[in-house]
Each structure stands twice: as structure tokens, then as C-alpha cells.
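Here is a friendly walk through one protein model. Keep the sequence and the 3D view open as you read.

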Amino acid sequence: MKQYKNKKAMALLMAAVLAGSTLYNGVADAAAAIKLNKKTAKIAVGKSVTLKVRGTKKKVKWKSSKKSVATVNAKGKVTGKKAGKAVVTAKVKGKTLKCKVTVTKKQAAKKNAKTAGKKNTTSDISLQKKVISIVNKNREKKGLNALTMDEKLMKAAQDRAKELTKSFSHTRPNGTSCFTIFEKYKITPTASGENIAAGQRSAAAVMDSWMNSPGHKENIMNNRFKKIGVGLVIVPNDMYSYYWVQMFTE
């Protein structure tokens with residue numbers, strides 16, 4: 001983590017880390033719900049994908065609606081047999097979970113080899129701006145200055161949101177502090193903060209989560225901060241789908 005000479009700034013950074021840990025625990029608790037790791041899957045003939053049931057260690061009973069298209073073994077491994085569609089079901093603890101499987105021809109799989117494994121992600125600037133609007137309404141109620149949306153911070157926050165899909169942490173996938181992203185955009189603050197969240201599908205929902213967490217609220221209501229950037233990455237068919245980041249500087 002980048003060191004700052006100003007002691008108050010360092011306290012804010014620590015608060016950001018602790019705040020993220022608090023919300024991460026909340027996300028981890030949500031993962032306890034019994035669900036499949038995939039709602040849809042696309043494989044080529046002869047290829048396989050393994051489905052997993054999260055939230056329980058009980059024995060799972062697997063079944064394919066069309067074994068001629070796709071088979072599934074006792075460990076949830078789905079193998080494509082011929083082009084077509086099938087539904088793989090997992091029964092556990094009285095629940096029936098489903099994954100829609102599409103099997104493509106081998107040629108199609110070869111054509112898409114370069115993009116295999118890449119997540120199809122989107123964002124929504126209207127939701128990002130809505131978060132900033134709600135932030136400033138909360139600050140206004142307490143007589144605090146409104147935060148200005150900063151283009152460099154918006155880009156930095158968007159990069160961080162993408163990183164959260166790989167590792168939900170204030171530590172970046174490369175092992176450095178979240179604040180090292182500032183170097184890319186030549187941002188040199190003396191005080192900064194970061195809030196992260198996952199799973200909330202609206203600006204109001206994520207702001208409610210942050211405002212009800214002391215560490216996150218401290219960043220949002222900090223009178224030293226003057227600028228804000230908000231990042232959002234939406235990953236279809238992902239367990240949490242929505243990954244949010246707020247970044248603040250003075």
C-alpha cells in the first residue's frame with residue numbers, strides 16, 4: 001500500500017481497507033445460498049465444463065434432459081455429444097437447480113477459440129452517475145460540500161471494478177494496493193479512499209449497503225474529499241453480476 005506522510009490520510013486508507021473487509025464478509029455470507037456456479041453454459045462437441053453447487057456439501061444428483069446432446073456425470077462434469085440444447089439439473093436438499101447447456105459444432109468452437117475464457121462484461125454510466133447523485137444528497141443533508149465527478153477517477157474506478165471480477169479485495173490482482181491504480185492516470189492525492197461492493201443491482205441498493213457500514217459511510221461523508229469516481233462492471237450469469245467501486249480524493 002502506498003504510504004502517505006499525512007497521518008489522517010493514512011487513517012483513511014486503513015478505513016478503506018477495513019470497510020472493504022466488512023462488505024466482503026457480507027458478500028461471502030450471501031454465497032452460502034445454494035446455487036449453481038453457472039446458469040448457462042456453452043461448449044463444443046467433445047468438450048466439457050464442470051458445474052458446481054455452491055452453499056452445501058451434501059450429495060448432488062445430476063441429470064441431463066437430452067443425453068444425446070450433453071451428458072453429465074456424478075461430479076457435475078458436462079460433456080457435449082452433438083450440437084443442440086439440453087438442460088442439466090442438480091437436485092440437492094430438496095432444491096432443483098438448472099443450467100441451460102448449448103452444444104456447438106467443433107468448427108464453431110475453433111472459430112471462437114481466441115475469445116474463450118473472456119468474460120462478457122458491460123457497464124452503465126447512468127447508474128454510476130446516480131450513485132454520485134445519492135452521495136451528494138447525503139452530504140448535503142449534513143451541510144457538506146458536493147463531490148465533483150472527476151474523469152480520471154472515473155477511469156480509475158472503472159479499472160478497479162474490472163479487477164474486482166477477478167479478486168474482490170482492496171489488493172489488486174497484481175498484489176499491490178488499490179491506490180496504485182492512480183499512477184496509471186497520474187493522480188497524485190494526499191488523501192484518498194475506496195469503497196467496493198458486489199451483488200447490488202441498483203444505485204440505491206449499493207448506496208444503502210455503504211451508508212449502513214461505518215467504514216464506507218466515513219469515506220462517503222468525509223469532508224476532506226472533493227472529487228469522486230464510480231466504477232461499475234456487470235457480468236451476466238455471474239454469481240454477483242454487479243461489481244461497484246467508489247474512489248475519493250481531496
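## T249 and its surroundings

T249 sits in strand β13. This is a predicted model, and in it T249 counts as buried because its relative accessibility is 4%, against a cut-off of under 20% for that label.

Which residues is T249 in contact with, leaving aside its neighbours within four places in sequence? They are L153, F182, I187, P189, A191, S192, F225, K226 and K227. One of these partners, K227, turns up again below as the bridge partner of T148.

## Strand β13, covered on both faces

T249 has plenty of company in being hidden: eight of the eight residues of β13 are buried. On one side of the strand you will find Y242, W244, Q246 and F248. On the other side are Y243, V245, M247 and T249, and both faces are covered.

## The sheet around β13

β13 belongs to an open sheet of four strands, with the order β10-β12-β13-β11 and mixed pairing. At the edges are β10 (148-149) and β11 (192-198), each of which pairs on one side only.

Now for the pairings themselves. β13 runs antiparallel to β12, with eight bridges between them, and G229 stands opposite M247 of β13. β11 and β13 are also an antiparallel pair, here with seven bridges; in this pairing, I196 has V245 in β13 as its bridge partner. β10 and β12 (residues 227-234), in contrast, run parallel and are joined by two bridges. There, T148 has K227 in β12 as its bridge partner.

## Helices on the sheet

How do the helices meet these strands? Helix α3 lies across β10, β12 and β13 (242-249), and its direction is at about 140 degrees to β12. Helix α4 (residues 151-164) packs on the sheet as well, touching β10, β11, β12 and β13. The direction of α4 makes about 35 degrees with that of β12.

## Where α3 meets α6

Besides touching the sheet, α3 (residues 125-141) packs with helix α6 (residues 203-211) at an angle of about 45 degrees, and their axes are 9 Å apart. That angle makes α3 oblique to α6. The crossing of α3 past α6 is right-handed.

Which residues of α3 and α6 meet each other? From α3 come L127, K130, V131, I134, V135 and N138, and from α6 come A203, A204, V206, M207, W210 and M211. By type, the residues of this contact divide into 10 nonpolar, one polar and one charged.

## A second sheet

Another open sheet has four strands in the order β2-β9-β8-β5, again with mixed pairing. Its edge strands are β2 (40-44) and β5 (61-64), each pairing on one side only. Neighbouring strands in this sheet are turned by 25 degrees against each other on average, with direction ignored.

For a pair to look up in the viewer, try β5 and strand β8 (residues 84-92), which are antiparallel and share four bridges. In β8, T89 is the bridge partner of K63.

## The chain as a whole

How many helices and strands does the protein chain have? The secondary structure comes to seven helices and 13 strands. Of the 250 residues in the chain, 47% are buried.

Taking contacts between residues at least 6 apart in sequence, 66% join residues at least 24 apart.

How values were computed. Residues are numbered from 1 along each chain as its sequence is written. This is a predicted model: local features need pLDDT of at least 70, side-chain atom pairs count only at pLDDT 80 or more; totals for chains, interfaces and linings use all residues. Side-chain values use heavy atoms; hydrogens and water are left out. Axes are lines fitted to C-alpha atoms, for helices over the stretch in contact, and angles run from 0 to 180 degrees between N-to-C directions. Angles under 35 degrees count as roughly parallel, over 145 as roughly antiparallel, 65 to 115 as roughly perpendicular and the rest as oblique. A crossing is left-handed if the near helix is turned anticlockwise from the far one by less than a right angle, and right-handed if clockwise. Contact means heavy atoms within 4.5 Å. Ala, Val, Leu, Ile, Met, Phe, Trp, Tyr, Cys and Pro count as nonpolar, Asp, Glu, Lys and Arg as charged, and the others, Gly among them, as polar. Two strands pair if DSSP finds at least two bridges between them. Buried means under 20% relative accessible area, exposed over 50%, partly exposed in between (1.4 Å probe, protein chains only).
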